[in-house]
Amino acid sequence: MSHWYLRWMDKLYLLAMTVAGLALLVMTVVIPIGIFSRYVLNRGESWPEPIAIICMVTFTFVGAAVGYRAGSHIAVNMLTDRLPAAAQRLCARIVDLLMLLISALMFWYSYHLCLELWEQPVAEFPLLTSGESYLPLPVGSALLILFVVERLLFGSQENRPVVMIGNHS
């Protein structure tokens, strides 16, 4: 069971990293297009801003799950580093349980936000509804829940080969 779960989390991790990277790439391409259109062509396009915002939300929430699994998130360990090993493990478990609670709440509220706004169109980008534009929130929260459960069951995954891709330290 553990091998199967870890293998699926590796695939999900790579997919999430790809999605977050593509969102960042699209955002960095779309913003200059909007600026060029507005200041050089004197014609402000309506679509670059909502696309950039959706990409930023996607990069933030999906990228947060990726960063959590890789252990590359911000952490202040000044106090816990001075505790005995058993207390450090206890603090790590408490942090993971709190992350699970926060992720579950984030998933619950963002899921209901998407449902509530699912039919409301985005004025600047009529191909998309507001509910669809907020979809990265529950998706990123669900990814985070899966990665927190993985950490609770199997420990930190920071040193797995798939997580170490590009890490040359």
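Tutor: Two residues are in contact when they have heavy atoms within 4.5 Å of each other. With that in hand, and remembering that this is a predicted model, we can read the fold: among the contacts in the protein chain with a separation of 6 or more, 73% are between residues 24 or more positions apart.

Student: How many helices and strands does the protein chain have, and what pattern do they follow along the sequence?

Tutor: The protein chain has 5 helices and 0 strands, and the pattern read along the sequence is α-α-α-α-α. The C-alpha atoms fill a box of roughly 65 × 40 × 35 Å along the principal axes, and, of the 169 residues, 31% count as buried. The surface that the protein chain exposes comes to about 11,000 Å², of which carbon and sulfur atoms supply 71%.

Student: Which residues of the largest nonpolar core touch the most other members?

Tutor: A nonpolar core is read as a set of buried nonpolar residues joined through side-chain atoms within 4.5 Å. Here the largest such core has 16 residues, and Tyr-13 and Phe-147 are the ones that touch the most other members, while H1, H2 and H5 each supply at least two residues of this core. Phe-147, once its neighbours within four places in sequence are set aside, is in contact with Met-9, Leu-12, Tyr-13, Ala-65, Val-66, Tyr-68 and Arg-69. Apart from this core lies another, of 9 residues, including Met-27, Ile-51, Phe-125 and Leu-128.

Student: Arg-69 appears in that list of contacts, so let me turn to charges. How many salt bridges are there, and which residues are linked in a network of them?

Tutor: In general, side chains of opposite charge can pair when their charged atoms come close. In this model the count comes to 3 salt bridges, and Asp-10, Arg-69 and Glu-150 are linked in a network. Arg-69 forms a salt bridge with Asp-10, with the closest N and O atoms 2.7 Å apart; this pair links distant parts of the chain, since Arg-69 is in helix H2 (residues 48–70) and Asp-10 in helix H1 (residues 2–39), 59 residues apart. Arg-69 also forms a salt bridge with Glu-150, again with the closest N and O atoms 2.7 Å apart. Because Glu-150 lies in helix H5 (residues 136–154) and Arg-69 in helix H2, this pair ties together parts that are 81 residues apart in sequence.

Student: Are Arg-69 and Asp-10 buried or exposed, and which residue meets Glu-45 in a salt bridge?

Tutor: Both Arg-69 and Asp-10 are buried, and Glu-150 is buried as well. Glu-45 meets Arg-43 through their side chains in a salt bridge, at 2.5 Å from N to O, and Glu-45 counts as partly exposed because its relative accessibility is 26%, given that the partly exposed class lies between the 20% and 50% cut-offs.

Student: How should I read the length of H3, and which residues in H3 are buried?

Tutor: The span of a helix can be set against the value expected at 1.5 Å a residue; H3, with 33 residues, reaches 47 Å from its first C-alpha to its last, close to the expected 48 Å. Buried in H3 are Asp-96, Ser-103, Ser-110, Cys-114 and Leu-117, and what covers the buried residues of H3 includes H2, helix H4 (130–133) and H5. Ser-141, which lies in helix H5, has a relative accessible area of 0% and is therefore buried; leaving aside its neighbours within four places in sequence, Ser-141 is in contact with Ser-103, Met-106, Phe-107 and Ser-110.

Student: Which residues make the nonpolar surface patch, and why does Tyr-109 count as exposed?

Tutor: The patch, of about 860 Å², is made by Leu-90, Ile-94, Leu-98, Leu-101, Ile-102, Leu-105, Trp-108 and Tyr-109. Tyr-109 lies in helix H3 (residues 85–117) and counts as exposed because its relative accessible area is 57%.

Student: Where is Asn-42 found, and what is its phi?

Tutor: Asn-42 is found in the loop between H1 and H2, and has a positive phi of about 55° although it is not a glycine. At 68% relative accessibility, Asn-42 counts as exposed.

Technical notes. Residues are numbered from 1 along each chain as its sequence is written. This is a predicted model: local features need pLDDT of at least 70, side-chain atom pairs count only at pLDDT 80 or more; totals for chains, interfaces and linings use all residues. Side-chain values use heavy atoms; hydrogens and water are left out. Patches are made of residues with over 30% relative accessible area and no salt bridge: like charges are joined within 9 Å, nonpolar side chains (Val, Leu, Ile, Met, Phe, Trp, Tyr) within 5 Å. Accessible areas come from the Shrake-Rupley method with a 1.4 Å probe; for residues, only the protein chains shown count as cover. A salt bridge is a side-chain nitrogen of Lys or Arg within 4 Å of a carboxyl oxygen of Asp or Glu. Helices (H or I, at least four residues) and strands (E, at least two) are DSSP runs, numbered from the N terminus. Buried means under 20% relative accessible area, exposed over 50%, partly exposed in between (1.4 Å probe, protein chains only). The expected span of a helix is 1.5 Å times one less than its number of residues.
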